[in-house]
Amino acid sequence: MTYEQAQALIERTLPEKRYIHTLGVVETAERLARTYGEDVDQARLAAMLHDYAKYHDRDEMRQIVLDEHLDPLLLEFDDELLHAPVGAVLLDRAYDLDAEVISAIKNHTTGEPGMSRLDQILFVADAIEPNRRYPGVDVLRDLADVSLEAAVVATLRHTIDYLLKKSVRIFPQTITTYNYYLNTP
Ligand code: DGI
Ligand code: FE
Ligand code: FE
């Protein structure tokens, strides 16, 4: 799948606000890929597609978790978590995409221990793209230019903090990823 094909798909699939967010993630992921010497085309493609399933039918996504033997724990937590791993499955089924791109999409919400650099770039870019506005985002933006792994940890800390304040359940993998990257020198 080319970037142009991906853009056309996303423009017709997502509402305008989410599409604008997506363009911000593309811009940021491209910049981080250049900074850290990763494949710019893969970064742009993964960013363009990352929220593909954000508004996909919830019941259909839950069925895909069962059919594809994804982590069954996903079904016991917020449905917001589904769009990353299920989006990766849907895109992988329908289009010819590199495994690296699919992996970055799959891991963009909770992260995963031992993520590739491309996974990390998308994970961080999603949190710091120019349309994101929350306290501390500028610190995260600065950190992302200095250390990708430090930015992964700081992004996870922000997410966990946000979930704690909302008193919602925290998906165990989010914590596992946080612990993993906190221990990475
Ligand atoms: O899709 P985006 O909004 O661009 O960003 P995202 O893919 O990081 O998804 C963020 C949503 O996922 C947000 O509503 C919080 C939720 N989320 C992220 N990690 C966890 C989580 N929800 C729960 N319950 N537990 C988590 O660990
Ligand atoms: Fe997302
Ligand atoms: Fe996103």
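Is Asp126 buried or exposed? Asp126 counts as buried, at 10% relative accessibility, where buried means under 20% relative accessible area, exposed over 50% and partly exposed in between (1.4 Å probe, protein chains only).

Before the exercises, a word on the model: it is predicted, so local features need pLDDT of at least 70 and side-chain atom pairs count only at pLDDT 80 or more, while totals for chains, interfaces and linings use all residues. Residues are numbered from 1 along each chain as its sequence is written, chains are lettered from A and ligands numbered from 1 in the order in which they are written, and side-chain values use heavy atoms, with hydrogens and water left out.

**Exercise 1. Find the protein donors of the iron ion (ligand 3).**

Step 1. Donors are N, O and S atoms within 2.8 Å of the metal (3.2 Å for Na, K and Ca); water is not among the atoms, so sites may look incomplete.

Step 2. His21 (NE2), His50 (NE2), Asp51 (OD) and Asp126 (OD) fit, lying 2.2 to 2.3 Å from the iron ion (ligand 3). Along the chain, their spacing reads H-x28-H-D-x74-D.

Step 3. Now place two of these donors: His50 sits in the loop between α3 and α4, and Asp126 in helix α7 (residues 117–128), so this pair links distant parts of the chain, 76 residues apart. Helices here are DSSP runs (H or I, at least four residues), and strands are runs of E (at least two), numbered from the N terminus.

Step 4. Check the cover of His50: with a relative accessible area of 0%, His50 is buried.

**Exercise 2. Find the protein donors of the iron ion (ligand 2), and the residue that coordinates both iron ions.**

Step 1. Asp51 (OD), His83 (NE2) and His108 (NE2) lie 2.1 Å from the iron ion (ligand 2). These donors follow the spacing D-x31-H-x24-H.

Step 2. Asp51 bridges the iron ion (ligand 3) and the iron ion (ligand 2), which are 3.6 Å apart.

Step 3. Asp51 belongs to the loop between α3 (40–49) and α4 (58–67), while His83 belongs to helix α5 (residues 83–94), so the pair ties together parts that are 32 residues apart in sequence. Both Asp51 and His83 are buried.

**Exercise 3. Work out which residue meets Asp51 in a salt bridge.**

Step 1. Recall the rule: a salt bridge is a side-chain nitrogen of Lys or Arg within 4 Å of a carboxyl oxygen of Asp or Glu. The count comes to ten salt bridges.

Step 2. The partner of Asp51 is Arg18, at 2.9 Å, N to O. Arg18 lies in helix α2 (residues 16–35), 33 residues from Asp51.

Step 3. Asp51 is buried, with a relative accessible area of 2%, and Arg18 counts as buried at 17%.

**Exercise 4. Describe the salt bridges of Lys54 and Asp161.**

Step 1. Lys54 pairs with Glu80, their closest N and O atoms being 2.7 Å apart. Lys54 lies in the loop between α3 and α4 and Glu80 in the loop between α4 and α5, so the bridge ties together parts 26 residues apart in sequence.

Step 2. Lys54 is buried at 13%, whereas Glu80 is partly exposed at 35%.

Step 3. Asp161 pairs with Lys165, with 2.6 Å between the closest N and O atoms. Both lie in helix α9 (residues 148–165), four residues apart, about one turn of the helix.

Step 4. Asp161 counts as partly exposed at 34%, and Lys165 is exposed at 65%.
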